[in-house]
Amino acid sequence: MSWRGIIRWVAATAVAVMLIGGSVIGGMAARAAPARSSAAAIPTYGTPHETGKVVLPELSKDGPALWTQAQPSAPIGPLAVLAWTGTDGRLNFMFGNGGITFSDKKTLGETSFVRPAVVRGKGEGGFVAPVALAWTGTDAGHHLNVLYDVPGSTVKKLTLWSETSFTSPSLEWLNGSTDTLLLAWAGTDASHSLNIMQVRVTSQGLVQGAKVTFWNYHSAGQPELIADRTFSGTPRLFLGWSDLTSHRLMWATSPDAKTWTQQPAFAEWSGSGPSMLGLNEQLTHYPPFWMAWAGMGADAAHHVNVLYAPSGTQATTNTVKAMLPETASGGPVVGFNLYLPGKELLVAWTGTDAAHHVNVATIGV
């Protein structure tokens, strides 16, 4: 064969390999093709994909809740807390020390018909940081409850007898505070308006604080409330929800939990709320903004979806997303894997198998 013929053969072979490779990748994740916008360039990362997974023996009647530590400093204790409502209606949680390994299960006497919300505080004086849970009760009115310092010796509980919800609440600390929790929920009014209330942690117990009702924000499922964990800049809070009428994923931001600004909606839809995670935007080796949700509509199987963006401000304009092969009963949740900082994400969901097992996976890019 002449040199010219060899060159033609090599070129044709390279094209064929590229096509075959593209077909294989497309076959494995055809629904997961990156959706990049023409906005400012995203650093070169790959499409989100599973790098590991465990199916836990735990069963849940809704999606789970997940809190993860984002920084290698405080709080003291486990790096993650996974919480769920068992098929018997009782609240459960367990601890993780990195990756997809969870243990030390705790089962409470409290009950709910949907998932709880969970966060951890900061450990002081060498004591393991306390866990805080919030949930919608199984009482006739479905009143909201908050529990703090579980499973410690000074457990504090607050039942909000004037507040009710048709779904699960969300829980977060107020901009790094160690004594003020923020509770978000969708009300039982006809429009399922969103609400946020401050709950102060005092030595005398949990104290109900200021409340804001968003009469223009109407949720089809549980809302999501997170603090942006960037290391610098003005602290921000993210509030996410699925619109009651369109089921489009919406979000708003606030610097202080008092003044909120609605952001452009995501071009995604879900019957349950989204799960969001804000990380250090100064990172150069990992996308700092993530979101996960369960599909709906044409996606009758409710696949787990994830996306990332270079910053919270570009979360709807400059993203890469993927539809995972996993399917969820209720929405998935996303968290930071401190065991491999900057390399993997954690995603947890309740499976669509007959028993509804809780799953946890690591996601790489």
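Begin by selecting Asp149, which lies in strand β8, covering residues 143-150 (strands being DSSP runs of E with at least two residues, numbered from the N terminus). What you have open is a predicted model, in which local features need pLDDT of at least 70 and side-chain atom pairs count only at pLDDT 80 or more, while totals for chains, interfaces and linings use all residues. Residues are numbered from 1 along each chain as its sequence is written, and side-chain values use heavy atoms, with hydrogens and water left out.

Staying with Asp149, note that this residue is buried (under 20% relative accessible area, with a 1.4 Å probe and protein chains only). Asp149 nevertheless has no salt bridge (a side-chain nitrogen of Lys or Arg within 4 Å of a carboxyl oxygen of Asp or Glu), and the nearest side chain of opposite charge, Lys156, is 5.2 Å away. Now add Pro130, Val131, Thr154 and Val155, which Asp149 touches when residues up to four places away in sequence are not counted (contact means heavy atoms within 4.5 Å).

Turn next to the aromatic rings, where the count comes to ten pairs (rings of Phe, Tyr and Trp, the last by its six-membered ring, with centres within 6.5 Å; planes under 30 degrees apart are stacked, over 60 edge-to-face and the rest tilted). Select Phe93 and Phe95, an edge-to-face pair at 5.6 Å centre to centre with 80° between the planes; Phe93 and Phe95 are both buried.

Move on to Trp290 and Tyr308, whose ring centres are 5.2 Å apart with planes at 55°, so the pair is tilted. This pair links distant parts of the chain, with Trp290 in strand β19 (residues 289-294) and Tyr308 in strand β20 (residues 303-309), 18 residues apart.

Finally, select Phe214, Tyr217, Trp241 and Trp260, which form one aromatic cluster.

Notes:
Helix = DSSP H or I, 4+ residues; strand = E, 2+ residues; numbered from the N terminus. Buried < 20%, exposed > 50% of the residue type's maximum accessible area, 1.4 Å probe, protein only. Lys, Arg positive; Asp, Glu negative; His and termini not counted.
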